[in-house]
Amino acid sequence: MEKLFEQLAYCIEFGKINKQSPYPPNMKDQEGAGELTGQLLDQGVSADDILQKALIVGMERVGVKFRENKVFVPQVLMSAKAMDAAMIQLKPHFANNPGSQKGTFIIGTVEGDLHDIGKNLVSMMVEGNGYEVIDLGTNVKAEVFIEAAEKNPKAVIGLSALLTTTMNNMEKITIAIKKHNKNTTVCVGGAPVNQEFCERIGADNYSPDPQGTVEFLNRTVA
Amino acid sequence: MTKKEVIKMVLDGKKPPYVPWDCKFTIEALEKMKKHYGEDVDVEELVGNHFIKLGQSSGFKTDIGKDRKIDIFGTVWDMSLEKDIGNVEGLVLPEPTLEGYEFPDPENPILYAGIEEKIAANKDKFVLYSIGFSLFERYWCLRGMENAFMDFMMYPDFVKDTLRKIADFNIAVIKNVCERYPEVDGIYFGDDWGAQKKLLMGKEVWMEFLYPELKRMYANTKSFGKYQLIHSCGDIAEIIPELIEAGVNSINPFQPEVLDVDELMNTYKGKVTFHGGLSTQKTLPYGSVEDVQKETKHLLELGKDGGYIFCPSHATEGDTPIENIVAFIDLILAQKR
């Protein structure tokens, strides 16, 4: 069993979706995340064990390598695709047992900004590390974040922005969220965002990379 | 000495009489400047830029109503929020195939509209023809950004074929421009590759997929005896040697938040010119007038012996206080007084 977990973690780490996928070339015709997840479920392994012992392990390795500039956006997206191939089989099991995920993360690109690649990378990485992710999309107003937080009281909120011009809306949105419920945790990120800005606007966490957000969630939520 | 001559001195690695500049402003920043300098101010004349740019830095677009434009490659742009460039809407190529897709015609008159008039009205300036979204950005505009990144891994032959066709189109346009308008001094290629740290796609992917086509485009420009200036946002430090090897003369926007401005200027002195350098992520929007003055003076000092063209490290955005805009404009203009 341990060998199968490791094989699956390896598929996530290197973005091997399934047998048909041509990537990575050195794993041509080998089984991928889809097939290995199916095999584990067939053998009676719980969805939670597959998530904890294989998927999260693989995704964490990718997150660390991305932070260390050992892999880049293309490889992270391939890992996320492999993760999807596994998660699609696990989700029906989680639906019957909602407690098996670590927590909920609500994410969106702030009002005025339509950029989504950074938000999506964080979203994939957080989901891949065992959290339920509610993606509100781009150009999201404060009230939409607040409404989502009301429906998911323990959720952490993530705000993304690419531009200095739209970064200012993070402040407006963070203040509105905190005014509504001061206990709501707000994470911020995006190219021009930094720790100083995070502290100035009263947000709780800034991470320069997706793995940093995962680690913050693991410390404070899980 | 004309502005054209000063820019040529810098690009040729000679010491200029002063540090030349070419600064751009977004629509929102221009509105602030009009409020400050007067509604009828001619910003180009006020700033005294050294370039005149022909062509289009963000593609040739036609208004289709409802805050939408379509470019000659068929990409639809939502202009409702980001009014200068817009945001891509939908996919031109939802699948990794070019079947049924026709690349634009390099003879399309829109590509050359108004060129003679602009050249005639700006005889003292360095004349550039702009090809924005010149390779990777054009690719992702057609396929969508996430697809584009995964295509490198999943469909490498399709990516190479499509990039080759994009480059072929650019090469045909460059040939027309160079043959028809001998006054053109250089080609300005825009294509964003950099992230806050390193390249978005990583150097290995850049080398395998983008560099061969970039070399082909740049060699073509050189064959007409023209300068080539490039723009890529982000941390592109690791590919500067390759860009120089391919014949690039100038690199913009030289973002100080992600690049070591002083170190790069020293390392590549005499090999390539840097154009940009004034922080648009920090100093301009959040710094004081004194901060802007200090950074501008430092850049002008760094570039006094050549190898440098001043400008903010992007079109100045609307979140920059007008006092900060005035501060750098006054300092660059003061050089010639």
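The paragraphs below walk through a predicted model with chains A and B, beginning with the domains of chain A and ending with single residues.

Let's start with the layout of chain A. It is divided into domain 1, covering residues 2–99, and domain 2, covering residues 102–220. If you place a point at the C-alpha centre of each domain, the two points are 25 Å apart. The domains touch each other: 14 residues of domain 1 are in contact with 10 residues of domain 2. On the domain 1 side, the elements that give two or more residues are α3 (47–67) and α4 (73–96) of chain A. Which of them gives the most? That is α3(A), with 10 residues. By character, the domain 1 side divides into 10 nonpolar residues, two polar ones and two charged ones.

The UniProt record adds a label here. In an unreviewed entry, it lists residues 102–222 of chain A as "domain: B12-binding". In the model, this span is 47% helix and 17% strand, and its end C-alpha atoms lie 5 Å apart.

A good place to look inside this part of chain A is helix α9, residues 210–220. Five of its residues are buried: A:P210, A:Q211, A:T213, A:V214 and A:L217. These residues lie on the same side of α9(A) because they cover an arc of only 155 degrees around the helix axis. What do the buried residues of α9(A) pack against? Their partners are α3, β1 (104–109), α5, β3 (156–160) and β4 (186–189) of chain A.

Now turn to where the two chains meet. Here 20 residues of chain A are in contact with 25 residues of chain B. On the chain A side, α4, α5 (117–128) and α7 (164–180) are the elements that give two or more residues. Of these, α4(A) gives the most, with five residues. You have already met α4(A) on the side of domain 1 that touches domain 2. The chain A side of the contact with chain B divides into 11 nonpolar residues, eight polar and one charged.

Chain B itself has 13 helices and 11 strands. Along its principal axes, the C-alpha trace spans about 60 × 45 × 40 Å. For 337 residues, a compact globule would have a radius of gyration near 20 Å, and chain B has 20 Å, so the two agree. Of the 337 residues, 44% count as buried. The contacts tell you how the chain comes back to itself: among those between residues at least 6 apart in sequence, 72% join residues at least 24 apart.

UniProt has a label for chain B too, again from an unreviewed entry. The feature "domain: Uroporphyrinogen decarboxylase (URO-D)" is placed at residues 143–332 of chain B. Over those residues the chain is 52% helix and 13% strand, with end C-alpha atoms 41 Å apart.

Finally, a few single residues are worth finding in the viewer. In chain A, the loop between α1 (2–14) and α2 (33–42) holds A:K19. Is A:K19 buried or partly exposed? It counts as partly exposed, because it has 13 C-beta neighbours inside 10 Å, and a residue needs 20 or more to be buried. A:K19 touches A:D29, A:Q30, A:E31, A:G32 and A:E35, leaving aside residues up to four places away in sequence. A:E35 is 16 residues from A:K19 in sequence, yet their C-alpha atoms are 7.5 Å apart in space. A:P24 lies in the loop between α1 and α2 of chain A as well, and the peptide bond from A:Y23 to A:P24 is cis, with omega near -10 degrees.

Chain B also has a cis peptide bond, joining B:N252 and B:P253 with an omega of about 5 degrees. You will find B:P253 in the loop between β9 (250–252) and α10 (261–267) of chain B.

Two residues have a positive phi although they are not glycines: A:N139, at about 55 degrees, and B:D67, at about 60 degrees. A:N139 sits in the loop between β2 (132–135) and α6 (142–151) of chain A, while B:D67 sits in the loop between β2 (61–65) and β3 (68–71) of chain B. A:N139 is buried, with 21 other C-beta atoms within 10 Å, whereas B:D67 counts as partly exposed, with 13 C-beta neighbours inside 10 Å.

Conventions: Residues are numbered from 1 along each chain as its sequence is written. Chains are lettered from A and ligands numbered from 1 in the order in which they are written. This is a predicted model: local features need pLDDT of at least 70, side-chain atom pairs count only at pLDDT 80 or more; totals for chains, interfaces and linings use all residues. Domain bounds come from an automatic or database domain assignment. Two residues are in contact if their C-beta atoms, placed from the backbone, lie within 7 Å. Helices (H or I, at least four residues) and strands (E, at least two) are DSSP runs, numbered from the N terminus. Ala, Val, Leu, Ile, Met, Phe, Trp, Tyr, Cys and Pro count as nonpolar, Asp, Glu, Lys and Arg as charged, and the others, Gly among them, as polar. A residue is buried if 20 or more other C-beta atoms lie within 10 Å of its own, exposed if 12 or fewer, and partly exposed in between; C-beta atoms are placed from the backbone. The arc is that of the directions from the helix axis to the C-beta atoms. The radius of gyration is taken over C-alpha atoms; the globule rule is 2.2 Å times the number of residues to the power 0.38. UniProt positions are given in the numbering used here, feature names are shortened, and annotations may be inferred rather than shown by experiment.
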